[in-house]
Amino acid sequence: MLINAVRISGRDDVARRMLFHEVVHGHQYAALGLETFVHEYISSVVAYRNYQPIPLEAVPTRRKIATC
Ligand SMILES: [Zn+2]
């Protein structure tokens with residue numbers, strides 16, 4: 001993902017949410033390691049047939065956290 005630093009430094013809420021989302025994925029990747037992260041992500045997408053409801057997407061998505 002490419003992040004525009006000019007947008008992040010401003011008051012662009014969408015850009016800040018995207019940055020937060022990707023930073024959480026970065027932490028997931030660091031905690032799980034590449035192989036486990038990719039395996040968990042891909043196998044979940046296959047199981048759910050969609051990437052949005054998978055556990056690795058639930059944490060960095062504020063909307064999903066609010067419904068837990
Ligand atoms: Zn994501």
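This is a short walk through a predicted model of a protein, from its helices down to a few residues.

Okay, some ground rules. Residues are numbered from 1 along each chain as its sequence is written. Since the model is predicted, local features need pLDDT of at least 70 and side-chain atom pairs count only at pLDDT 80 or more, while totals for chains, interfaces and linings use all residues.

So, what's in there? The protein has five helices and zero strands, so the element order from the N terminus is simply α-α-α-α-α, where helices (H or I, at least four residues) and strands (E, at least two) are DSSP runs, numbered from the N terminus.

Next, confidence. pLDDT is the predictor's confidence in each residue, from 0 to 100. The mean for the protein is 82, with 74% of its residues at 70 or more. Which element has the lowest mean pLDDT, and which the highest? Helix α5, residues 62-67, is the lowest at 48, and helix α3, residues 34-48, is the highest at 96. Over residues 64-68 the pLDDT is below 50, and beyond near neighbours in sequence that stretch has one contact in the model (contact: C-beta atoms, placed from the backbone, within 7 Å). Where pLDDT is low, don't read the predicted coordinates in detail.

Now, burial. A residue is buried if 20 or more other C-beta atoms lie within 10 Å of its own, exposed if 12 or fewer, and partly exposed in between, with C-beta atoms placed from the backbone. By that count, 1% of the 68 residues are buried. Helix α3 is hardly covered: zero of its 15 residues are buried.

On to helix geometry. The expected span is 1.5 Å times one less than the number of residues. Helix α2, residues 13-32, has 20 residues and reaches 29 Å from its first C-alpha to its last, close to the 28 Å expected. For α3, the 15 residues should span 21 Å, and the end C-alpha atoms are indeed 21 Å apart.

How do α2 and α3 meet? Their axes come within 6 Å and cross at roughly 120°; the axes are lines fitted to C-alpha atoms, for helices over the stretch in contact, and angles run from 0 to 180 degrees between N-to-C directions. That makes the pair oblique, given that under 35 degrees is roughly parallel, over 145 roughly antiparallel, 65 to 115 roughly perpendicular and the rest oblique. Q28, Y29 and L32 of α2 make the contact with L34, T36, F37 and E40 of α3.

Let's stay with Y29, in helix α2. Why is Y29 partly exposed? Because it has 15 C-beta neighbours inside 10 Å. Leaving aside neighbours within four places in sequence, Y29 is in contact with L34 and F37. Its C-alpha is also 9.9 Å from that of L56, 27 residues away along the chain.

V24 sits in α2 as well, and it is partly exposed with 15 C-beta neighbours inside 10 Å. V24 and T61 are 37 residues apart in sequence and 9.3 Å apart in space, C-alpha to C-alpha.

Last, some backbone angles. Most residues other than glycine have a negative phi. Just after α2, G33 takes a positive phi of about 85°. R49, just after α3, has a positive phi of about 60°, although it is not a glycine. R49 lies in the loop between α3 and α4 (55-58) and is exposed, with 7 other C-beta atoms within 10 Å.

Key:
Contact = placed C-beta atoms within 7 Å.
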